[in-house]
Amino acid sequence: VVTQIPFRTPPLGTAANWSAGLQCSPGKTLANGFYDLQNYSGETVTVTGVHLVGGAGQEMTSAAYLVPIQHTRGTWLLIGLVPPWPPTSPTWKLRKRVPATIAPHKAVNLVFAQPRTSGHPGSAVPQITYTAGGFTYTLTVPFRSVVAARCS
């Protein structure tokens, strides 16, 4: 959902349909860093809020962070959806707590803690509020995640 559209495409893009999950027992907290935010515009984007919406038995239990994306041999490496929390990625020390900015034409990894809180979870999506060029946007990420069954 876009509040106002001053650009042809909102700076962080638009939604599509894709999903994935990781199995984990209730109470286990994962680093959910499966989302890359690419600023396609010439404006600085300021991410002002991140919330986990929808789903059941899923919650966001930390601040949201913007983490530089590690590049290896021409490939972007996201932190991904993995135990433990906090992540052990070498880029984690370079994180910026939201509210934080994304430079024009740059990409970052969105990361937050996500535990499973019930025996019957349903997938949830991050909703990101941001500003660019004096306009406010809300992006509901099309990637639904669920912390499901069991992990060690």
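**Strands, cores and two buried asparagines**

Trainee: How many Å separate the backbone nitrogen of Phe 34 from a polar atom of the side chain of Asn 32?
Mentor: The model is predicted. In it, Asn 32 belongs to strand β2. A polar atom of the Asn 32 side chain faces the backbone nitrogen of Phe 34 at a distance of 3.5 Å.

Trainee: Which residue has a side chain joined to that of Asn 32 by a polar contact of 2.4 Å?
Mentor: The side chain of Asn 32 also has a polar contact with another side chain. At 2.4 Å, the partner is Gln 114.

Trainee: Is Asn 32 buried or exposed?
Mentor: A residue counts as buried if its relative accessible area is under 20%. Asn 32 has a relative accessible area of 0%, so the term that applies is buried.

Trainee: What is the relative accessible area of Asn 39?
Mentor: Asn 39 sits in the loop between β2 and β3. Beyond four places in sequence, Asn 39 touches residues including Pro 11, Thr 44, Ile 102 and His 105. Asn 39 counts as buried because its relative accessible area is 0%.

Trainee: Which residue has its backbone oxygen 2.8 Å from a polar atom of the side chain of Asn 39?
Mentor: The Asn 39 side chain has a polar atom 2.8 Å from a backbone oxygen. That oxygen belongs to Glu 43.

Trainee: How many strands are there in the protein?
Mentor: Read along the sequence, the pattern is made of β elements, β-β-β-β-β-β-β-β-β-β-β-β-β. The count of helices is 0, and the count of strands is 13.

Trainee: What is the order of the open sheet of 5 strands?
Mentor: The pairing in this sheet is antiparallel. β7 (80-82) and β8 (96-97) are its edge strands, each pairing on one side only. β4 (residues 65-68) pairs with β8 over 2 bridges, and Tyr 65 has Arg 97 in β8 as its bridge partner. The order is β7-β2-β10-β4-β8.

Trainee: Which strands stand at the edges of the open sheet of 4 strands, each with a single partner strand?
Mentor: The order of this antiparallel sheet is β9-β3-β11-β12. A strand with a single partner has one side left without a neighbour in the sheet, which means that the edges are held by β9 and β12.

Trainee: What is the average twist from one strand to the next in that sheet?
Mentor: One pair in the sheet is β3 and β9, antiparallel over 3 bridges. Within that pair, Val 47 stands opposite Ala 100 in β9. From one strand to the next, the twist averages 35°.

Trainee: Which element gives the most to the largest nonpolar core?
Mentor: This core has 22 residues, and Leu 37, Val 47 and Leu 66 are among those that touch the most other members. Elements giving two or more residues to it include β2 (29-38), β3 (45-53) and β10 (107-115). With 4 residues, the one that gives the most is β3.

Trainee: How many residues are in the other core?
Mentor: This core lies apart from the largest one. Its members include Ala 31, Tyr 65, Val 67 and Val 111. The number of residues is 7.

Trainee: What percentage of the 152 residues of the protein count as buried?
Mentor: The protein exposes about 7700 Å², of which carbon and sulfur atoms supply 52%. Of its 152 residues, the share that counts as buried is 43%.

Note on methods. Residues are numbered from 1 along each chain as its sequence is written. This is a predicted model: local features need pLDDT of at least 70, side-chain atom pairs count only at pLDDT 80 or more; totals for chains, interfaces and linings use all residues. Side-chain values use heavy atoms; hydrogens and water are left out. A nonpolar core is a set of buried Ala, Val, Leu, Ile, Met, Phe, Trp, Tyr and Cys residues joined through side-chain atoms within 4.5 Å. Buried means under 20% relative accessible area, exposed over 50%, partly exposed in between (1.4 Å probe, protein chains only). A polar contact is a pair of N or O atoms within 3.5 Å; within protein, one must be able to donate a hydrogen and the other to accept it, and residues adjacent in sequence count only if both atoms are side-chain atoms. Contact means heavy atoms within 4.5 Å. Accessible areas come from the Shrake-Rupley method with a 1.4 Å probe; for residues, only the protein chains shown count as cover. Two strands pair if DSSP finds at least two bridges between them. Axes are lines fitted to C-alpha atoms, for helices over the stretch in contact, and angles run from 0 to 180 degrees between N-to-C directions.
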